[in-house]
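Subject: Structure handover

Hi,

Here is the structure I promised to pass on to you. My notes on what turned up in it follow right below.

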Amino acid sequence: MTDFIENAGHVPDFIKNDITWEKLTYSQNSHSLTVNVPILTPVQCDQLARHIKDNSRQFLKKQTVDSIIDLVDQVIDRLLNRDDPIRKKAEQLLPLITGFDPEMSRLSLTRYLKTFRKPQLLRFVSEDFSNPKILDDFQPIVKGGFAKAYGPDCLLHIWSGNVPGLPLWSLISGLLVKAGNIGKIASSEPLFASWFTKLLIEIEPKLADCLAILWWEGGTQDQENSLLQHSDVVLAYGDNDTIKQIRDRTPIKTRFLSHGHKISFGIISAQVLDPQKVWSVAHNAAADIVQYDQQGCYSPHIYFVEAGTNITPQAFAKYVAHELSCFQKKFPRRVLNTKEAIQLASWQNNQELESVSNPRKEIFRDKDGAWTVIFNESDKDFCLSGLNRTISIIEVNSLNQVVPIISPYKDFLQTASLAVAPDELFSLSRQLGEHGVTRITSIGSMTAPEAGWHHDGRFNLLDLVTFTEIESFLEGYSDMFANYTD
Amino acid sequence: MDLRGNIALITGSSRGIGAAIAKAFAHEGATVAINYKNNALVADKIVNECRELGGIAECFQADVTIPSECRSLINSVASEFGKLDILVNNAFHPYNFIPEKRKMFWDLEWEHYQSQIEGSLLSTHSLCKAAFPLMQKTANGKIVNITTDLISKPSIPYHEYTTAKSALTGFSKNLAAEMGPFGIRVNCVAPGLVYPTDSSAETKENLKEMIIAQTPLRRIANPEDVAGAVLFLASDWSRFITGQTIFVDGGLIMN
């Protein structure tokens, strides 16, 4: 039994001695961890927001975007270095908090962090700004005149979920647009944003007054309301109910951005189902299921598999089942909490009951229920996964059959992974895009969006800024008042 | 599988594959002698885990590359438990399986080979020689030597390691021929890449994926997979098998 204690969060020095700390406790495999998280009163939240705003104006807004990229790159470099003390801590403590297999966590962390190196950050900024210097100063624009992009003085992030490191997307986005950032960490993973902030401040101490990482109990409104009043932009993650109740309390003047729960899925064309290629497709399909036990918005719920070759969709389902059993030995699924275990058992029972009376439905599962594959021979038996390494595989006679099945879920669709031939890629992508899919990737890459990914089809950086434009005629007009005018 | 009443000595069993083998024996009720070289603390931990699994276990310190220590080790096990039924030669000279950092043939001196040969062949020779009289008493000894599937296909030429293990395979066949008439069986277990162990801790993910893609059972071996084959060869289920090598690599090598 080893007991670990870790301090999470960050508040500027001026308030440090006046706040209280709450303990969040975690345990896994006879190890326990206590995470101390900072709690502020509504009045302190008010003082903090003013402080962050002032300092982001005085310091962060005066930095160039290139210097911020260099800074983030240095932090990521440390987090990628397996000998760095914080990286070591991350490898040790994240599995303890989230329950994910340590080896899976380690490999995923490296893969994820690599998307925030300098070249990727440069691409990230260029995705949204054709001339990234527009974040530093007025730049000529196509219609004439000049424009400069301003990030918010106070950007409030409300994070959720247990996928390690997820807050980095929005926190780095906030930094790149020079926003003062206040983040609320989730109880299910409070550490990574805290470590990232700690390293940032180690490299650039002045950032200590431009950032805050806090915690309050979900549903507690006093602190949240105080910060909502001060924020220029709010970026909220979570389920739709949570997002709705935060949005309802956000002032009308404040820009509200949200990322709610999503449905992602894969499509496999008959053209790739031959004895030579089937294994690698099934392997990659299973890898996407296993990664973080389908806790991400980009994790697959369903694979649609086209019939027509001697590798039938049912055979494909069996290949996926074996791959899931291999992954269970390599990266065992985390131990589910009681609520999750009950939900999963209920989902599995329902599927089994249905399969008794439905010869078109077949179930493959391991003896302990660590993974389940539901094969549906007919799309009439459409079902979503029960999460935590469960997947629904649906046979379709043609790829054109997929869109009508998914279109009722348009508002919730996000990532589609494809294993299709080039002649199918664009026609299928067009249909998917029309029905709400915002990201199309290859099977096996669902959980690793590339740098510059437009999360839920939105602009990560552009959505955060406002532009100030100098209209073209003003340039000529001001010329009239120059002392060198003839 | 009931191995109650059997005394099993597993060399190098404070960690990795050896520890998994020790625990598998304990799970089947055997009395387990855990040999370690340096780290008494981790050996104690494995002893406790074996006891929790229902077996009797003790740990014995010995550097098995030194013949005199091998003799003392066998004597200590014999005086503690009264006999020896199963000997698993698992220890070998530390070796890191990192393809990017391996020595090329022209970098290798004879001493490198010598060190690996001492790690596997010298230690096995010394232990078998010392154990032979004990096993003869019951006419029912089982010796299992851990080699590698690289002896059949050196897909990465870890010269000195694979050469030493190849020698151990030849040694085992000869020993099987000699010991058979005394009711002592000698077999080898040849794992593929086993993960996780200290030796494979730094093996890169892309190499593992490459091996998985060529392996019919589509995964890398773990220490418990190796233990299964060792249990089989140490049990009565394999009572008419000697001089053989079982490859535990998911079908990567098929002989």
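Beyond its neighbours within four places in sequence, W215(A) is in contact with seven residues that I would list in full: G9(A), V37(A), P38(A), I39(A), K184(A), I185(A) and P190(A). Please keep in mind that this is a predicted model. W215(A) sits in the loop between β8 (211-214) and α9 (221-230) of chain A. Is W215(A) buried or exposed? W215(A) is buried, because 25 other C-beta atoms lie within 10 Å, and 20 or more are enough to count as buried. For a sense of scale, the C-alpha atoms of W215(A) and A270(A) are separated by 49 Å, although the two residues are 55 apart along the chain.

On to the domains of chain A. Domain 1 covers 2-261 + 454-470, and domain 2 covers 263-442. Their C-alpha centres lie 33 Å apart. Where they meet, 15 residues of domain 1 are in contact with 12 residues of domain 2. On the domain 1 side of that contact, helix α5 (residues 102-113) of chain A gives the most, with three residues. The residues on this side divide into three nonpolar, nine polar and three charged.

Next, the nonpolar cores. The largest one has 128 residues, and F316(A), V320(A) and I393(A) have the most contacts inside it. Where does this core lie with respect to the two domains of chain A? Both domain 1 and domain 2 give residues to the core, so it lies between them. Taking I393(A) as an example, and again leaving aside neighbours within four places in sequence, its contacts include F316(A) and V320(A). Y303(A), V305(A), P313(A) and A317(A) are also among the contacts of I393(A), as are V373(A), I374(A), F375(A) and N376(A). Apart from this core lies another, of 77 residues, which includes I17(B), V47(B), V194(B) and I220(B).

That leads to chain B. It has seven helices and seven strands, and along the sequence they follow the pattern β-α-β-α-β-α-β-α-β-α-β-α-α-β. Its C-alpha atoms fill a box of roughly 45 × 40 × 35 Å along the principal axes. How does the radius of gyration of chain B agree with that of a compact globule? With 255 residues, such a globule would have a radius of gyration near 18 Å, and chain B has 17 Å, which agrees. Of these 255 residues, 48% count as buried. Among contacts in chain B with a separation of 6 or more, 74% come from residues 24 or more positions apart.

One strand of chain B deserves a look in your viewer. Strand β6 (residues 185-191) of chain B is mostly covered, with seven of its seven residues buried. In a regular strand, side chains alternate between the two faces of the sheet. On one side of β6(B), the buried residues are R185(B), N187(B), V189(B) and P191(B); on the other they are V186(B), C188(B) and A190(B), so that both faces are covered. Strand β5 (residues 142-146) of chain B runs parallel to β6(B) and is joined to it by five bridges. Within this pair, I143(B) stands opposite V186(B).

Finally, the contact between the chains: five residues of chain B are in contact with eight residues of chain A. On the chain B side, they divide into one nonpolar, one polar and three charged.

Happy browsing, and best wishes!

Key:
Residues numbered from 1 in each chain as written. Chains lettered and ligands numbered in written order. Predicted model: local features only at pLDDT ≥ 70, side-chain atom pairs only at ≥ 80, totals over all residues. Helix = DSSP H or I, 4+ residues; strand = E, 2+ residues; numbered from the N terminus. Rg over C-alpha atoms; globule rule 2.2 N^0.38 Å. Buried ≥ 20, exposed ≤ 12 C-beta atoms within 10 Å, placed from the backbone. Contact = placed C-beta atoms within 7 Å. Nonpolar A, V, L, I, M, F, W, Y, C, P; charged D, E, K, R; others polar. Core = buried A, V, L, I, M, F, W, Y, C linked by C-beta atoms within 7 Å. Domains from an automatic or database assignment. Pairing = 2+ DSSP bridges.
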